[in-house]
Amino acid sequence: MTARCAVALHPEDDLRTALLPLFTEGRVDAVEWTWEAGVPEWLDALVAFYASNHALYTHLVGFPLFGDGASLPRRLAEIARRSRQHRPRHVTAHYGLVQAEGFSDIAPLPPVPCAEVVSTGRERLLRLADAAECAVGVENLAFAFSLDDVARQGDLVDSMLPDQGFLLLDLHNIHCQAITFERSPEELLARYPLEKVREIHLSGGRTTYPKVDPRPFRRDTHDDAVPAEVLALLDVALARCPAVEVVCLERLGGTLATKEAKEGLVRDFRAMRERVAEPSLDLRARAYLPLDIALPSVPARVLRDFESKLVTVLRAAPSVEHAKSALRDLAHEPTLAAFVARMEPRAIEVAMEIEKRWAVPALDSHAIADDE
Amino acid sequence: MHLPWVLLAILSPSPSLDEANAHATPHVVVADEPTREASTQGTQVAQQKPKPKPKPKPDPDYCPPCGRG
């Protein structure tokens, strides 16, 4: 079966006008929508149309797969309500910490690789599936503090997926890690359970050069065209992921100011569609084998304390050295200490920048706790 | 998947609105405009103390976009 070709919807008007030629030509098989986003009239109508044709996919940006999860009851109630209304094909959440003390939202950060993270992720996915009444999946994260984060992510995701759970494979995120950590993207793909991939994401981003270490650090910013390398990786992924149902093009609204940018988005979609229509068949998949390494255990309270203060440290530290030193002071336990010791200074610099840009302070410091 | 024409109409930009926007000339009071009326207005504008902008409140329904990596 040929996978569907989808676009991610956002409420910004430039995205609407950019996508209009594709909708007019009837090229868009499905749409992906983030429930947490605002809904102008045109988007509401579009979502309702695709939902009624069983072609709506939903993606949650701020669902707390890990961390304290204080906002979980409120979020699950909203998800249940939306799901009854729209009946999406499936729901996906991001791998990563998305909650921190004193913030209503943060940009996702890699969790500490330990047994508690896996059990928390699994339990939250089961609750998400129960609320949404459909299959649930996890999307791989681009940002990593170290090569260790990169190497373990596939195994951690695989371990926490429930029986009907699946992987949302973001190819630009794989591309980001391949550039930043100087590995081949195929090598990174082989670290994921590709037979469990039900959705693929394509997008663009930008490469930055941190001051502390100016090697390229690729970031998943969704504000540029899909790189040729990512389109080439789609060929590989389609050949190795037998259960793909939908391939989705992502672009951030508000980043399509020029006619050239809008035309570029249409070109990206057409290129994606051509590849999906004629997937290569001659590429041999390498079997995925999880690393046979027992995960360490971290006392829950110690882990939560570290997770909740991570973003505060990243935002407050005046320099990378200060941040690393403060994180060392936070890590009162061997697994946490090893996690911090592995953090690359350039990754800390990028994390500081990302959280200063995206972390949203809570209305008051007790807002999250009061939600429970 | 082909969309019904009604939906395409909703998606398409409104020609009347676009036209109105294209022809609309924003009314700008220039402080040193060389007419008595405008000059007076300009003086008034100059003498008015700017009102302090209200502090933006965090939006509880704020949605973080994807692509924050």
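In this predicted model, A:Trp33 stands opposite A:Thr58, a residue of strand β3 of chain A. That pairing is a convenient place to enter the structure, since the two strands concerned, β2(A) and β3(A), the latter covering residues 56–60, run in the parallel sense and are joined over three bridges. Between them the chain does not turn back directly: the path leaves β2(A), passes through helix α2, made of residues 41–52 of chain A, and arrives at β3(A), and this β-α-β crossover is right-handed.

On its other pairing, β2(A) is joined to strand β1 of chain A, residues 4–9, by four bridges, and these two strands are likewise parallel. Within that pairing A:Val7 has A:Val31 of β2(A) opposite. Here too a helix lies between the strands in the chain, for β1(A), helix α1 (residues 13–24) of chain A and β2(A) together form a right-handed β-α-β unit.

With both pairings in view, the side chains of β2(A) itself can be considered. In a regular strand, side chains alternate between the two faces of the sheet. In β2(A), which spans residues 30–33, A:Ala30 and A:Glu32 point one way while A:Val31 and A:Trp33 point the other way, and all of these residues are buried.

Further along the chain, strand β6 of chain A, residues 135–139, holds A:Val138. Is this residue buried or exposed? A:Val138 counts as buried because its relative accessibility is 0%, the cut-off for that word being under 20%. Its surroundings can be listed: when neighbours within four places in sequence are left aside, A:Val138 is in contact with residues including A:Leu65, A:Ala93, A:His94, A:Tyr95 and A:Leu125, and also with A:Val157, A:Leu161, A:Phe166, A:Leu167 and A:Leu168. One of these partners, A:Leu161, is 23 residues away from A:Val138 along the chain, yet the C-alpha atoms of the two are separated by 7.8 Å.

Two loop residues deserve a separate look for their backbone angles. A:His54, found in the loop between α2 and β3 of chain A, has a positive phi of about 55° although it is not a glycine. With a relative accessibility of 54%, A:His54 counts as exposed, because the cut-off for that class is over 50%. A:Arg87, in the loop between α3 (72–86) and β4 (90–94) of chain A, also is not a glycine and has a positive phi, of about 45°. The relative accessible area of A:Arg87 is 45%, so this residue is classed as partly exposed.

The last topic is the contact between the two chains, to which chain A gives 35 residues and chain B gives 21 residues. Together, chain A and chain B bury about 2600 Å² between them, and 70% of this lies on carbon and sulfur atoms. On the side of chain A, A:Phe49, A:Val61 and A:Trp358 supply 20% of the area buried against chain B, more than any other three residues. How many salt bridges are there between chain A and chain B? The count is zero, while two residue pairs are in polar contact between chain A and chain B, both at pLDDT 80 or more. The helices α1, α2 and α13 (345–358) of chain A each supply at least two residues of the side that touches chain B. Of these residues, the largest share, six residues, comes from α2(A), the helix through which the chain crosses from β2(A) to β3(A).

Key:
Residues numbered from 1 in each chain as written. Chains lettered and ligands numbered in written order. Heavy atoms only, no water. Buried < 20%, exposed > 50% of the residue type's maximum accessible area, 1.4 Å probe, protein only. Pairing = 2+ DSSP bridges. Right-handed = clockwise from strand over helix to strand, strands pointing away. Contact = heavy atoms within 4.5 Å. Buried area = accessible area lost by both parts, 1.4 Å probe. Salt bridge = Lys/Arg side-chain N within 4 Å of Asp/Glu carboxyl O. Polar contact = N/O pair within 3.5 Å; in protein donor to acceptor, adjacent residues only side chain to side chain.
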